[in-house]
Amino acid sequence: MAARFIARNTAPAPEMGARALTWGAGEKVLLVLAAAGWLASRGQGEPLRRAGNHALLVTVAASLLPMV
């Protein structure tokens with residue numbers, strides 16, 4: 001019943017947006033983005049390198065936490 005209501009009242013554009021958000025929240029995507037940010041921060045000043053370290057560490061920890 002609820003599935004039919006949702007199917008009747010949903011447009012393709014919001015569905016595509018929700019699909020992109022769901023895909024973007026995947027841990028592998030976040031890990032790749034964090035690793036890219038970490039690499040980009042290597043040639044920068046100390047505050048940016050520390051932020052890159054923090055972002056990568058938090059992302060890895062959050063990815064591993066559900067496995068523990």
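**Close-ups of a helix pair in a predicted model**

**View 1. Helix 3 and helix 4 pack against each other.** Helix 3 (residues 27-41) and helix 4 (residues 46-64) pack with their axes 8 Å apart, at an angle of about 160 degrees. Keep in mind while looking around that this is a predicted model. An angle over 145 degrees counts as roughly antiparallel, so that is how helix 3 and helix 4 sit relative to each other. Their crossing is left-handed.

**View 2. The residues where helix 3 and helix 4 touch.** On the helix 3 side, the contact is made by Glu 27, Leu 30, Leu 31, Ala 34, Ala 35, Trp 38 and Ser 41. Helix 4 brings Leu 48, Arg 49, Gly 52, Asn 53, Ala 55, Leu 56, Thr 59, Val 60 and Ser 63 to the contact. Try picking out Trp 38 of helix 3 and Gly 52 of helix 4, which are among them.

**View 3. Leu 33 and Ala 55.** Leu 33 is part of helix 3. Its relative accessibility is 56%, so Leu 33 counts as exposed. Now look across to Ala 55, one of the contact residues of helix 4. Leu 33 and Ala 55 are 22 residues apart along the chain, and their C-alpha atoms are separated by 9.8 Å.

**View 4. Ala 36 and Gly 52.** Here we stay in helix 3, where Ala 36 lies. Ala 36 has a relative accessibility of 43%, so it counts as partly exposed. Between the C-alpha atoms of Ala 36 and Gly 52 there is a separation of 9.3 Å, and along the chain these two are 16 residues apart.

**View 5. Leu 39 and Arg 49.** Leu 39 is another residue to find in helix 3. At 57% relative accessibility, Leu 39 counts as exposed. The partner to look for in this view is Arg 49, which belongs to the helix 4 side of the contact. The C-alpha atoms of Leu 39 and Arg 49 are separated by 9.1 Å, with their positions 10 residues apart along the chain.

**View 6. Stepping back to the whole protein.** Zoom out and you can find 4 helices and 0 strands, which follow the pattern α-α-α-α along the sequence. Taken along the principal axes, the C-alpha atoms fill a box of roughly 55 × 30 × 15 Å. The radius of gyration is 18 Å, whereas a compact globule of 68 residues would have one near 11 Å. Of the 68 residues, 9% are buried. The protein exposes about 5600 Å², and 72% of that is supplied by carbon and sulfur atoms.

Methods:
Residues numbered from 1 in each chain as written. Predicted model: local features only at pLDDT ≥ 70, side-chain atom pairs only at ≥ 80, totals over all residues. Heavy atoms only, no water. Helix = DSSP H or I, 4+ residues; strand = E, 2+ residues; numbered from the N terminus. Rg over C-alpha atoms; globule rule 2.2 N^0.38 Å. Buried < 20%, exposed > 50% of the residue type's maximum accessible area, 1.4 Å probe, protein only. Areas by Shrake-Rupley, 256 points an atom, 1.4 Å probe, with all protein chains shown as cover. Axes fitted to C-alpha atoms, helices over the stretch in contact; angles between N-to-C directions. Parallel < 35°, antiparallel > 145°, perpendicular 65-115°, else oblique. Left-handed = near helix turned anticlockwise from the far one by under 90°. Contact = heavy atoms within 4.5 Å.
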